[in-house]
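Please open the structure in your viewer and keep the sequence beside it, since this tour moves from one selection to the next. At each stop you will be told what to select and what is there.

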Amino acid sequence: DLTGEVVAAQTIHAAECGPDDQLWLGTGQGVSRFDPDQQAFVPVAGSPQSPVHVMSFSVDGVLWLGHQGALSMHLLRDGRLQRLDRIDHLNGFPHITPNGLVLDVQGVAWVSASRGLYRVDLATRSIRQFGAQDGLRSQELMPNTLGMTARGQVYAATAFGLLLLEPSALVPRMFTPALSSCWVSLMAVCPPKATTTPTGFSTSMMFMTSSGVRGSKYRRSAVS
């Protein structure tokens, strides 16, 4: 048993081979690594002190960590993790518990969860969810099944079988997501001691879309 006292009482969510050729763990209290000298797992200095549900190293050695509702990126320097960036609700990342994380050849992160598949491009800080509206038979991706083939294809297990996709063919559309009107109300605005002639109108509108609209801008205009 190599778990050691450090992680024995913690929940282990993820495991990854690190740049030091040792096993790294994402636990309920951050990141630990196996220390061959101590023959035990020890916390990594600089690790976030919060649950790490998924983890993955990029080809240039950046460690991506998946938290509840957020992703964080860290670089290992002198045995210590230094945070480089973070993607969370401020960037439109949903409040999900990630259950899978892989990085494609372009450095784009693919995150799976029980509510779909998410493409996270750190360069443009764009987040795109893929779900039933994109042809997925099941939006629920099974935990710890997200991976990548030697040819760079992303795969995952779902309730309806194996999902296999080509990342280069799934670049987010460059146009603004379409909106569907739910309702529009118009109310006359009358001055104090009102006459029968209104001075203007107040409008209220609600719209819906099947795709995320964060990062998109919409313009409203009135035509008389």
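Is Gln39 buried, partly exposed or exposed? Select Gln39 to begin, and bear in mind that you are looking at a predicted model. With a relative accessible area of 47%, Gln39 counts as partly exposed, because that class lies between the limit for buried, under 20%, and the limit for exposed, over 50%. Gln39 sits in the loop between strand E3 (30-35) and E4, and its phi is near 55°, which is a positive value in a residue other than glycine.

**The whole chain**

Now zoom out until the whole chain is in view, and colour it by secondary structure if your viewer allows this. The chain has one helix and 17 strands, and of its 224 residues, 38% count as buried. If you consider the contacts between residues at least 6 apart in sequence, 38% of them join residues at least 24 apart. Switch on the surface as well: the chain exposes about 13700 Å², and carbon and sulfur atoms supply 53% of that area.

**Ser47 and what it touches**

Next select Ser47, which lies in the loop between strand E4 (40-43) and strand E5 (54-57). Its relative accessibility is 8%, so Ser47 counts as buried. Which residues does Ser47 touch, not counting residues up to four places away in sequence? Show Gly30, Val31 and Leu81 together with Ser47, since these are the residues in contact with it once such sequence neighbours are left aside.

**The second largest pocket**

Rolling a probe the size of a water molecule over the atoms shows where empty space is left. To find one such place, select Ser58, Val59, Asp60, Leu103 and Gly107, which are the closest to the centre of the second largest pocket among the 16 residues that line it. This pocket has a volume of about 280 Å³. If you colour E5 and strand E6 (62-67), you will see two strands that each supply at least two residues of its lining. Sorted by class, the lining is made up of nine nonpolar, four polar and three charged residues.

**Strand E11 and its partners**

Move on to strand E11 (116-121) and display its side chains. Six of the six residues of E11 are buried, so this strand is largely enclosed by the rest of the structure. In a regular strand the side chains alternate between the two faces of the sheet. Select Gly116, Tyr118 and Val120 for one side of E11, and then Leu117, Arg119 and Asp121 for the other; all of these residues are buried, and both faces of the strand are covered.

Strands of a sheet pair through backbone hydrogen bonds, either parallel or antiparallel. Add strand E10 (residues 109-113) to your selection, and you will have a strand that runs antiparallel to E11 and is joined to it by five bridges. Within this pair, Ala109 stands opposite Val120 in E11, and E10 and E11 form a hairpin with two residues between them.

Then add strand E12 (126-130), which pairs with E11 in the antiparallel sense over five bridges. Tyr118 has Gln129 in E12 as its bridge partner. E11 and E12 also form a hairpin, this time with four residues between the strands, and in that hairpin Arg125 takes a positive phi near 55°. Is Arg125 buried, partly exposed or exposed? With a relative accessible area of 33%, Arg125 is partly exposed.

**Pro143 and the open sheet**

Follow the chain onward and select Pro143, whose place is in the loop between E12 and strand E13 (147-148). Pro143 is exposed, with a relative accessible area of 53%. Although Pro143 and Ala113 are 30 residues apart along the chain, their C-alpha atoms are separated by 7.4 Å, which you can check with the distance tool.

For the last stop, select the three strands that form an open sheet in the order E13-E14-E15, with antiparallel pairing. E13 and strand E15 (161-165) stand at the edges with a single partner strand each, so one side of each is left without a neighbour in the sheet. E13 pairs with strand E14 (residues 154-158) over two bridges, and the bridge partner of Met148 in E14 is Val154.

Definitions and conventions. Residues numbered from 1 in each chain as written. Predicted model: local features only at pLDDT ≥ 70, side-chain atom pairs only at ≥ 80, totals over all residues. Heavy atoms only, no water. Buried < 20%, exposed > 50% of the residue type's maximum accessible area, 1.4 Å probe, protein only. Contact = heavy atoms within 4.5 Å. Areas by Shrake-Rupley, 256 points an atom, 1.4 Å probe, with all protein chains shown as cover. 1 Å grid on protein atoms, 1.4 Å probe; cavity = no way out; pocket = protein on both sides within 12 Å on 5 of 7 lines; lining within 4 Å. Points joined across faces, edges and corners; volume = space filled by probe spheres on them. Nonpolar A, V, L, I, M, F, W, Y, C, P; charged D, E, K, R; others polar. Pairing = 2+ DSSP bridges.
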